[in-house]
Amino acid sequence: MNIKRNIVFALEKRKKEGKPIVENVPIRMRVIYNHKRIEFTTGYRIDAAKWDEDKQRVKNGCTNKLKQSSAEINADLLKYYADIQDIFKEFEVNEKSPTPEQLKIAFNNKQKKDTPIEPKAEATVISFMNKFDEFVRESGVQNNWTDATYEKFASTKKHLEDFDKELTFEALTENKLTQYVNFLRDTKNLRNSTIGKQMGFLKWFLRWSKKKGYNTNLAFETFKLKLKTTQKKVIFLTWGELTKLREYQIPATKKYLERVRDVFLFQCFTGLRYSDVFNLKRSDIKDNHIEITTVKTADSLIIELNNHSKSILDKYKDIPFENDKVLPVITNQKMNEYLKELGELAEINEPIREVYYRGNQRIDETTPKYALLGTHAGRRTFICNALSLGIPAQVVMKWTGHSDYKAMKPYIDIADDIRANAMDKFNQL
């Protein structure tokens, strides 16, 4: 049985003297299914200006009247979302559809179970997952996690629960860890590279638990993964492909792609991540450069503008956007979707061969480049083309915020290949 549902987080619509209330507004969770609708209070309030309606989350770096941070609030919203999904799945397994009252009771019981009044009486299974929630809340605030990082750890928790709902710290012996790796490979059907990341997230939590005194089982410290992996393919546009995309005449019926292209090209000529383009404000633009503090790493960067990036800024300089933003940036998910569509129309279709492993099975896949395009390809395009033009790596690193050559090495190797291929052209004369 599959219950179609829609879970929405939104600000409560309230008015005072005929005007909408925009300060300290309650955040509600609305669940719609089978022509039924039920609303839950989240216990949080936020100013309307600090709420991102598209992402259905509090904007990064914002706090409410109680000084609760966006990281703290968003972590709980993500948890509520996961809780509701788990409840629906339990009903689906039993081939039943819950009434709104049953849904409300199940949700409330889940919250009580996750916050026991007497920790000493807490069951071990709750202890392990409860500590995981505590780890996410604490580390998220301390490290200023983005929504994407919260989602990664929500996925890790889901994998652990699916593996063993009664998991304990003591149970995670070397044998149990090996079973978990096999579960991720065989049941979850994950690639070796993804399994490696999942185990990295788990070990991060276990190190934190050890430091807190919750975990005395140190088997994870000596546990070594034996998985074949390959280096991930760097997807970027060559200068020729970039020019092709830039000069492509977008059909009149698909004008929505024009703004997407402009934002992507701005990334290709500045090296900015999606999160930094999304947050770029007019006050960040100086005469000949950009001054920003990056969302992901909190680096303070100065990036000089070139003719290409300037022309895009000039195009939108007189168009007002919400929160004094510089460019018309839509959600990352939608932009990734439109970039693939744009790439296909512009015939960015070089076949890209990717090799990866699932267990010992080697898998070869060839995909047209447009199908692999996403917002991060803009940053990679900037780095690869800058290096291939002969700009020193240390200069590029100052623009991008990379702190060591290890992260830059794949790009440097690509630039070396581009230069070598260019030199080969002399042999054809």
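**Exercise 1. The β10–β11 hairpin**

How many residues lie between β10 and β11 in the hairpin, and which residue in the turn has a positive phi?

*Solution.* The model is a predicted one.
Step 1. Identify the strands: β10 covers residues 351–358 and β11 covers residues 361–368.
Step 2. Establish the pairing, which is antiparallel and comprises eight bridges. Within this ladder, Y356 is placed opposite I363 of β11.
Step 3. Examine the turn. Two residues separate the strands of the hairpin, and G359 has a positive phi of about 65°.

**Exercise 2. Confidence along the chain**

Determine where confidence is lowest and where it is highest among the elements of the protein.

*Solution.*
Step 1. Begin with the overall level: the mean pLDDT is 88, and 94% of the residues reach 70 or more.
Step 2. Locate the extremes. Helix α15 (residues 405–424) has the lowest confidence, with a mean of 75, whereas α9 has the highest, at 97.
Step 3. Consider residues 115–126, for which the pLDDT is below 50. In the model this stretch has twelve contacts beyond near neighbours in sequence.

**Exercise 3. The three-stranded sheet and helix α1**

State the strand order of the open sheet of three strands, and locate Y80 relative to its contacts.

*Solution.*
Step 1. The order is β1-β4-β5, and the pairing is antiparallel.
Step 2. Find the edges. Since β1 (5–11) and β5 (36–46) each have a single partner strand, one side of each is left without a neighbour in the sheet.
Step 3. Describe the twist: neighbouring strands are turned by 20° against each other on average, direction ignored.
Step 4. Inspect one pair. β1 and β4 (residues 25–33) run antiparallel and are joined by seven bridges; I7 stands opposite V31 in β4.
Step 5. Add the helix. α1 (residues 70–93) packs on the sheet and touches β1, β4 and β5, and its direction makes about 155° with that of β1.
Step 6. Turn to Y80, which belongs to helix α1. Its relative accessibility is 13%, so Y80 counts as buried, the cut-off being under 20%. Apart from neighbours within four places in sequence, Y80 contacts F9, M29, T42, Y44, F107 and Q111.
Step 7. For a distance along the chain, take Y80 and K210: they are 130 residues apart in sequence, and 27 Å separates their C-alpha atoms.

**Exercise 4. Helix α4 and its two partners**

Classify the packing of α4 against α5 and against α6.

*Solution.*
Step 1. Two descriptors are required: the angle between the axes of the packed helices and the distance between those axes.
Step 2. For α4 (residues 147–163) and α5 (residues 174–186), the angle is about 110° and the axes are 11 Å apart. The two helices are therefore roughly perpendicular, a class that spans 65 to 115 degrees.
Step 3. The residues making this contact are T156, H159, L160, D162 and F163 of α4, together with K176, Q179, Y180, F183 and L184 of α5.
Step 4. For α4 and α6 (residues 192–212), the angle is about 90° and the axes lie 10 Å apart. By this angle α4 is roughly perpendicular to α6.
Step 5. Here the contact involves K152, F153, S155, T156, H159 and L160 of α4, and Q198, F201, L202 and W204 of α6.

**Exercise 5. Buried faces of α8 and α11**

Explain why the buried residues of α8 line one face of the helix, and carry out the corresponding analysis for α11.

*Solution.*
Step 1. In α8 (residues 239–247), the buried residues are E241, L242 and L245. Viewed down the axis of α8, they fall within an arc of 100°, so they line one face of the helix.
Step 2. Identify what they pack against: α9 (256–270), α12 (332–345) and α13 (376–388).
Step 3. In α11, S309, I312, L313 and Y316 are buried. Their arc around the axis is only 100°, which puts them on the same side of α11. The elements covering them include α9.
Step 4. Contrast K315, also located in α11 (residues 307–316). With 40% relative accessibility, K315 counts as partly exposed.
Step 5. List its partners: leaving out residues up to four places away in sequence, K315 touches E258 and D262. K315 and D262 are 53 residues apart in sequence, and their C-alpha atoms are 9.3 Å apart.

Definitions and conventions: Residues are numbered from 1 along each chain as its sequence is written. This is a predicted model: local features need pLDDT of at least 70, side-chain atom pairs count only at pLDDT 80 or more; totals for chains, interfaces and linings use all residues. Side-chain values use heavy atoms; hydrogens and water are left out. Two strands pair if DSSP finds at least two bridges between them. Helices (H or I, at least four residues) and strands (E, at least two) are DSSP runs, numbered from the N terminus. Buried means under 20% relative accessible area, exposed over 50%, partly exposed in between (1.4 Å probe, protein chains only). The arc is that of the directions from the helix axis to the C-beta atoms. Contact means heavy atoms within 4.5 Å. pLDDT is the predictor's confidence in each residue, from 0 to 100. Axes are lines fitted to C-alpha atoms, for helices over the stretch in contact, and angles run from 0 to 180 degrees between N-to-C directions. Angles under 35 degrees count as roughly parallel, over 145 as roughly antiparallel, 65 to 115 as roughly perpendicular and the rest as oblique.
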